[in-house]
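Thank you all for coming; I would like to walk through one model with you this morning, going from the inside to the outside and ending with the backbone. Please have the viewer open while I talk.

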Amino acid sequence: MSPEAIVKTQARNILKQNYVKAIVAMLIVLLPFYMIDGATTAISCAIMNLISNEEISTAVIYSIGYPVELIAGYLLSPVINGYVRAYYKAAYTNSIELRDVFYYFGAGRYGNALSLNIRVILRMLLPVLVLYLPLIIFETVSVNLDSDFYGSVLYNDFYFILAVLSTITTTLYATRYFTVFTVSADNPQFTPSQVFAYNKYIMKYRTGSAAKLIFSFTPWLLLGLLVLPLLYVIPYMTQSLCVSAKWMTKAALEEN
């Protein structure tokens, strides 16, 4: 049995006992972001109805509406840290505790979570832009140079291939930060700099294993879009990644 299969088996065994809690935890995370998105959409529609000039209304939406949405999402982002913490602790205890989802909103923890999250965003921002640059260039050239090509079958084929390649390379790059949130959950006293340093130590020579596990879920994600509900796929994938992070952390400690 491969390491990925062992991790998935352990994750399924945990979820058998905690499936309802896993669903509730995911809904707790998604609900605020859906509310923000819904509010932004409603405000955007109101702005377009109030301002008859389309260019002005669009400028207002993009210059005010979307930045406010991003800021609100960032301020609520510690709920994602708590979501990972709940699953990661379950990898040790076999029990998901819903209170862990709100852990980082406690006094002294909220600021550290925000600081960690913005550092992750900043570390990923430039690589993501670079890795998606071929897709951006292709889209820009297609729109401006050949109106007949834009939207054609050949255009859609090239767009799909570039999007898949950019997503794969971005995922591979992101594996270097695979245990950032689990290290933070394990060591709440760590500063963000210490979290990244310890994550770097753990992930040395292990990014390949993380990538194998992540890409092994490709069929599951496709089934989630077509057949199986994502309400099962996402908890299953999250729990598997946290179980993997547990074993990677233990392996790094044993090496030390």
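Let me begin with the naming of elements: helices (H or I, at least four residues) and strands (E, at least two) are DSSP runs, numbered from the N terminus. What we have is a predicted model, in which local features need pLDDT of at least 70 and side-chain atom pairs count only at pLDDT 80 or more, while totals for chains, interfaces and linings use all residues. Residues are numbered from 1 along each chain as its sequence is written, and side-chain values use heavy atoms, with hydrogens and water left out.

First, the interior. A nonpolar core is a set of buried Ala, Val, Leu, Ile, Met, Phe, Trp, Tyr and Cys residues joined through side-chain atoms within 4.5 Å, where buried means under 20% relative accessible area, exposed over 50%, and partly exposed in between, with a 1.4 Å probe and protein chains only. The largest such core has 45 residues, and those with the most contacts inside it are Tyr 87, Phe 178, Val 180 and Ile 202. Among the elements that give two or more residues to this core are helix 1 (3–50), helix 4 (110–131) and helix 11 (230–255). If we take contact as heavy atoms within 4.5 Å, and leave aside neighbours within four places in sequence, Val 180 is in contact with Leu 116, Val 120, Val 195, Phe 196 and Asn 199.

Now two buried positions. Ala 86, which lies in helix 3, counts as buried because its relative accessibility is 0%; with the sequence neighbours up to four places away again left out, its contacts are Ile 96, Glu 97, Asp 100 and Val 101. Between Ala 86 and Val 29 there are 12 Å in space, C-alpha to C-alpha, for a separation of 57 residues in sequence. Asn 117, in helix 4, is also counted as buried, at 6% relative accessibility, and, not counting residues up to four places away in sequence, it touches Tyr 74, Ser 77, Pro 78, Asn 81 and Phe 181.

Ile 118 is likewise placed in helix 4, but it is partly exposed, with a relative accessible area of 31%.

Finally, the backbone: which residues other than glycine have a positive phi? Asn 94, in the loop between helix 3 and helix 4, has a phi of about 65° and is partly exposed at 38%. Tyr 205, found in the loop between helix 8 and helix 9, has a phi near 70° and is exposed, with a relative accessible area of 74%.
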